[in-house]
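Colleague: I should like to learn how to read the strands and the disulfides of a protein model. Could we take one feature at a time?

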Amino acid sequence: MKTFVKLIVLGLAIYGAWKLLPHKEPVVNVYLETDFIKAPDGIVGFPSWNASTAKELVKGPESAQIKVNGGGLLVLPSEASVETPVPAVVILHGSGGDWTGRSVYLANRLAQHGIAGFAVDTFVARNLRSTDDYFERLEKASIYSQIIDGFNALKALQQHPYIQGDKVAVTGFSLGGGSTLFSMFERVASGVIRNDGPRFSAYASFYAGCSLDFEEFEVEGSPVLIMMGEVDESMSIERCKWFKNKLEQHGVEVEMSVYEGAGHGWEQPYPQAFQPGAAITKDCLMLWNAGDEVIEQSTGYSIDTTLGAALAFSQCSSQDGYTMGFNAQAKEQSWQDFYAFLKKTWEVD
């Protein structure tokens, strides 16, 4: 374990030194900005940008050094039209990307029930693939960039003639679920699309950690659904109960579902099993402070710096492994819970 941690710290230090060198790579816009009147669905794109720290996020697009088109797959219900606009869900993938098709599956299932599904792919938008290494993903597609993509997808959908702009929810798997939870905070939303920009009308996380907190705890206020696996050792059910209670104290309606016998990634296309040696970060508690820096609370280090992140995660994380993989019962029940949550929130049939 000590040898592994030393290697991680050394790797991050080398990466940090490399980051200090001048690099100028051309932006590859995999997605093209879409005119929804000419191309209402399918592969679509929208303007977005990158951020690697909380401070860069709150400075907004005007200060962004790298601007790039976000995008993904938009699936519309057959009945969607100018005369009958439909609600929509922005779907954010996990740290492994959407190469197993979780987001696309959910988008298609939503469309079958009268809701547009927008499977946003932050990795592909930054010209990343499943074979790219961790450090390249860290540089080009941080969680901050995924949050930014989510809001810019929301903004783009406001211009779609087939979408009800006031009924757009956000959801995500694992890392994307974390991005979903961050998106309810006004400090984040106002940073990306300013005070007068649109807001999501519902938030639902699939097996995400609830390790976030804000020094200035101001939330948008729409309903929240938290879904977790009972035997997912990578996430803390107790911490999510704490987070649920804190949101409720701020007037937010929160539902929480825990699925018996389910681990992490319960709709992934491989058998559920314990994965020894997999990294666990559930004890790494993040506080977004008033100075717009994210601090790991148990160590006091900023995760927005390369060295700080290395020191923090070397102390707060472990390699104890966790249970993950397909669980048919949890996959179906979580869908039913998610769909019921949306219908209740939007008051639709």
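Modeller: Certainly; please keep in mind that this is a predicted model.

Colleague: In what order do the eight strands of the open sheet lie?

Modeller: The general idea comes before the case. Strands of a sheet pair through backbone hydrogen bonds, either parallel or antiparallel. Here the order is E1-E2-E4-E3-E5-E6-E8-E9, and the pairing is mixed. Strand E1 (42-49) and strand E9 (254-259) form the edges, each pairing on one side only. On average, neighbouring strands of this sheet are turned by 25° against each other, direction ignored.

Colleague: In which sense do strand E6 and strand E8 pair?

Modeller: Strand E6 (residues 203-206) and strand E8 (residues 224-229) are paired in the parallel sense, over four bridges. Within this pairing, Phe206 has Met227 in E8 as its bridge partner.

Colleague: How many disulfides does the count give?

Modeller: A disulfide is recognised when two cysteine sulfur atoms lie within 2.5 Å. By this rule there are two disulfides. One joins Cys210 to Cys240, with S to S 2.0 Å. Cys210 lies in the loop between E6 and strand E7 (212-214) and Cys240 in helix H9 (residues 237-249), so this pair ties together parts 30 residues apart in sequence. Another disulfide joins Cys284 to Cys316, also with S to S 2.0 Å.

Colleague: Is Cys240 buried or exposed?

Modeller: Buried means under 20% relative accessible area. Cys240 has a relative accessible area of 0%, so it is buried. Cys316, at 8% relative accessibility, counts as buried.

Terms used: Residues are numbered from 1 along each chain as its sequence is written. This is a predicted model: local features need pLDDT of at least 70, side-chain atom pairs count only at pLDDT 80 or more; totals for chains, interfaces and linings use all residues. Side-chain values use heavy atoms; hydrogens and water are left out. Two strands pair if DSSP finds at least two bridges between them. Helices (H or I, at least four residues) and strands (E, at least two) are DSSP runs, numbered from the N terminus. Axes are lines fitted to C-alpha atoms, for helices over the stretch in contact, and angles run from 0 to 180 degrees between N-to-C directions. Buried means under 20% relative accessible area, exposed over 50%, partly exposed in between (1.4 Å probe, protein chains only).
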